[in-house]
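Student: Got a minute to go through this model with me? I'd like to reason it out bit by bit.

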Amino acid sequence: MNNDIFQEVKNNLLSNKSNHLTIMHDTVIEKKLKIIVECGVDRGASTCAFLEALKKINGKLYSFDIKDCSNLFDDKNWNFFQTNDVNLSKIINKFSEIKKGIDLLYIDSYHEPSHVRKILNLYYPFINVNGYIFIDDTSSYPFRKLNILTDSINSDLCKEEVEEFFYSNFDAFEFKYNGGENGLSILKKIKNNKLYKNSIWKYNFLIYQFFKLIKKFKYKFFYK
Ligand SMILES: C[S@@+](CC[C@H](N)C(=O)[O-])C[C@H]1O[C@@H](n2cnc3c(N)ncnc32)[C@H](O)[C@@H]1O
């Protein structure tokens, strides 16, 4: 058991109420979200936050990572599987309880827009009504502050992918966005509609840039 990380996360949960770990921890307790699935463990900060919350409501956490993180914690509520999170049939074979319904899905594994969308599509049927999906790292701001081009664009594309998923399935979700830190997107499933996988219409990006320029120009020269 890694006590350092547990202590670090516990301090965070107490002292920083706008932190993504605290938001998720408090939601788990408030809404009694007993079955949690976590994609991406690494050093286990989010794992700690979930396990801390589950102590109070007695639920189960299922975590996946392509790296072996099995020795990070020894907790009766924790189940770890070293696997790619897209291998959902293998995952369900190992943890059949997931098939009965997930109350919270946390996506923090491969921060690639298509991967995020794939996970959303794959896991959607198993998310319970009134269940939540949290997607981390959907803000480019931390990278823009450091002038890092590719990561900035990638984070914006991940956010766009989440928004497109939401707009394509508008009646099935409520959507909130926490812009602090790395950007936490929050989807609450409110209906068990059939998933709509096609994209909805979007304007052309070049026309968007042109229109933006015209508007700036118009404002500068005609509204004085
Ligand atoms: C950002 S870290 C997770 C951080 C963790 N949630 C925390 O709060 O400390 C991303 C992790 O996802 C794992 N990962 C990347 N691609 C993955 C995939 N396709 N399936 C499962 N895990 C993956 C990486 O090995 C890495 O440990």
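Tutor: Sure, and keep in mind that this is a predicted model. Let's start with N193, which sits in the loop between β7 (184–189) and α8 (205–222).

Student: Is N193 buried, exposed or partly exposed?

Tutor: Count the neighbours: N193 has 13 other C-beta atoms within 10 Å. Buried takes 20 or more, and exposed means 12 or fewer. The count for N193 falls in between, so we call this residue partly exposed.

Student: Which residues does N193 touch, leaving out those up to four places away in sequence?

Tutor: F170 helps to place it: N193 and F170 are 23 residues apart in sequence, yet their C-alpha atoms are 9.9 Å apart in space. With those sequence neighbours set aside, the contacts of N193 are N169, D171 and A172.

Student: On to the helices. How do α5 and α7 lie relative to each other?

Tutor: The axes of α5 (residues 113–123) and α7 (residues 149–168) come within 8 Å and cross at roughly 30°. The crossing is right-handed. Angles under 35 degrees count as roughly parallel, so α5 and α7 are roughly parallel.

Student: Which residues of α7 meet α5?

Tutor: From α5, the partners are P113, V116, R117 and L120. By class, this contact has seven nonpolar, no polar and two charged residues. On the α7 side you'll find L157, C158, E161, V162 and F165.

Student: And the ligand: which residues are closest?

Tutor: The shell has 17 residues, split into six nonpolar, five polar and six charged. Both α3 (45–57) and β2 (60–65) supply at least two of them. The closest are G40, D42, A45, S46 and Y110.

Conventions: Residues numbered from 1 in each chain as written. Predicted model: local features only at pLDDT ≥ 70, side-chain atom pairs only at ≥ 80, totals over all residues. Axes fitted to C-alpha atoms, helices over the stretch in contact; angles between N-to-C directions. Helix = DSSP H or I, 4+ residues; strand = E, 2+ residues; numbered from the N terminus. Parallel < 35°, antiparallel > 145°, perpendicular 65-115°, else oblique. Left-handed = near helix turned anticlockwise from the far one by under 90°. Contact = placed C-beta atoms within 7 Å. Nonpolar A, V, L, I, M, F, W, Y, C, P; charged D, E, K, R; others polar. Near = placed C-beta within 6 Å.
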